[in-house]
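Dear colleague,

I am passing on the structure below, and after it you will find my notes on what was found. Please read them with the model open beside you.

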Amino acid sequence: MSGRQSWAWATPPAFGAQAYARLAERLGELVLAGDADTVLVPGEAIVALEAVARELGAGGPRVLNVATSQYGYLFGQWLSEEGATVTTLAPPVPGQPVTAEQVVSALANGYDVVSFVHGEAATGIVNPIDAIVTQARRRGVVSVVDAVASVGAEPLRAGGPTGADIVVLGPQKALAGPAGISAVTIGEAGWKALSRPTRRVATLSSVSLLDIRRDWLDTDHSAIPGTPAPHELWALEAALEAVGAEGVDALVARHRLAATAVRAGVQGLGLRPWADDLAQASGLVTGLLLPEGADRQAVVTLGREHFGADLVAAPAGTDEQLVKIRHTGRQASFEAVLAGLGGLAGALSRLGHPVDAATGLAAAVEVYAS
Ligand SMILES: *Cc1c(COP(=O)(O)O)cnc(C)c1O
């Protein structure tokens, strides 16, 4: 980039308040938020999650916190710090989804809030959102969902009878947007569950949805609250343009198609997908188990560096042979699917664990062909 052009990046044009309002509106429309408010949070999605947890926890609720990855555990820790009584519900096998039955039977113990991650990019699984939210609503329990890794990759509805009360969104995964801004949809019951920490004395917190409501939702929308980076706002607008042009249903379908093809391919290679069935498999990444004895780090490194496959090892605490093929955002494509499967097969072959590459690749092609 020339010196002259780089000035444009250093000082982007200001982003107007009307366009700012439109960003939140469009994000809300993407997830069918209906009557729920959608607010932008100037910070990466983890900041929005902390904002939710801090003000949710401050009211001292009894929370059933489903933890299927580190995000869930962290959310529970923030809640506890603020005064919530948190019960952690984890799946029997770390990294697997919880079942609806597990959550429903736990809910019978009496809670004010249930919180969980919808799609897990860490392990490639999806939790049963509709069943959990419906059952929570039936019991008057407020539902809080981390949908950062599912918006655009899985069917998701933040309003209506199956919509959760608080839904955290991030543009940087399936939506192929910027990582430095996020959003939260909050319905009436959601707002009721948020309260101001009693020990707070400052007039503004950077992790407060109630402050965002005061400084934006409850105003005439003529001034953007705080100083969100204009780069992020322009990038979010561009990402939402692209999503709008493709259509959110088509975007979700493209991720589901990639997940279906990779899953078929993994099985064709003779390997085991991590999710037990396609309905529990993330649209962003496909988890799979390497053959026993295969050196995971070596497979991932060779696959990436020699074959150009987007392979990633799952985080610590889950199965040591668990690897993910990424097909996120623009990478939810035929090319990335084939490169991922082919690179995995190539790396395994070179490391002395040959798999049936022909059958695996043919199975993935067949999914796209049919
Ligand atoms: C990526 C992700 C986040 C946080 O996103 P950051 O960009 O790291 O802030 C939160 N929850 C889930 C489930 C994610 O996949």
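Over residues 79-274 the chain is 39% helix and 15% strand, with the end C-alpha atoms 30 Å apart; helices (H or I, at least four residues) and strands (E, at least two) are DSSP runs, numbered from the N terminus. That stretch is the one covered by the annotation "domain: Aminotransferase class V" in an unreviewed UniProt entry, and such annotations, given in the numbering used here with shortened feature names, may be inferred rather than shown by experiment.

This is a predicted model, in which local features need pLDDT of at least 70 and side-chain atom pairs count only at pLDDT 80 or more, while totals for chains, interfaces and linings use all residues. Residues are numbered from 1 along each chain as its sequence is written, and side-chain values use heavy atoms, leaving out hydrogens and water.

The largest nonpolar core (buried Ala, Val, Leu, Ile, Met, Phe, Trp, Tyr and Cys residues joined through side-chain atoms within 4.5 Å; buried means under 20% relative accessible area, with a 1.4 Å probe and protein chains only) has 45 residues, and those touching the most other members include Leu-27, Val-103 and Val-114. Its largest share, seven residues, comes from helix 2.

As for the ligand, 13 residues surround it (each with a heavy atom within 4 Å), and Glu-44 and Lys-173 are among the closest. A ligand oxygen atom lies 2.4 Å from an N or O atom in the side chain of Glu-44, and a ligand oxygen atom is 2.6 Å from an N or O atom in the side chain of Lys-173.

With best regards

Technical notes
Buried < 20%, exposed > 50% of the residue type's maximum accessible area, 1.4 Å probe, protein only. Polar contact = N/O pair within 3.5 Å; in protein donor to acceptor, adjacent residues only side chain to side chain.
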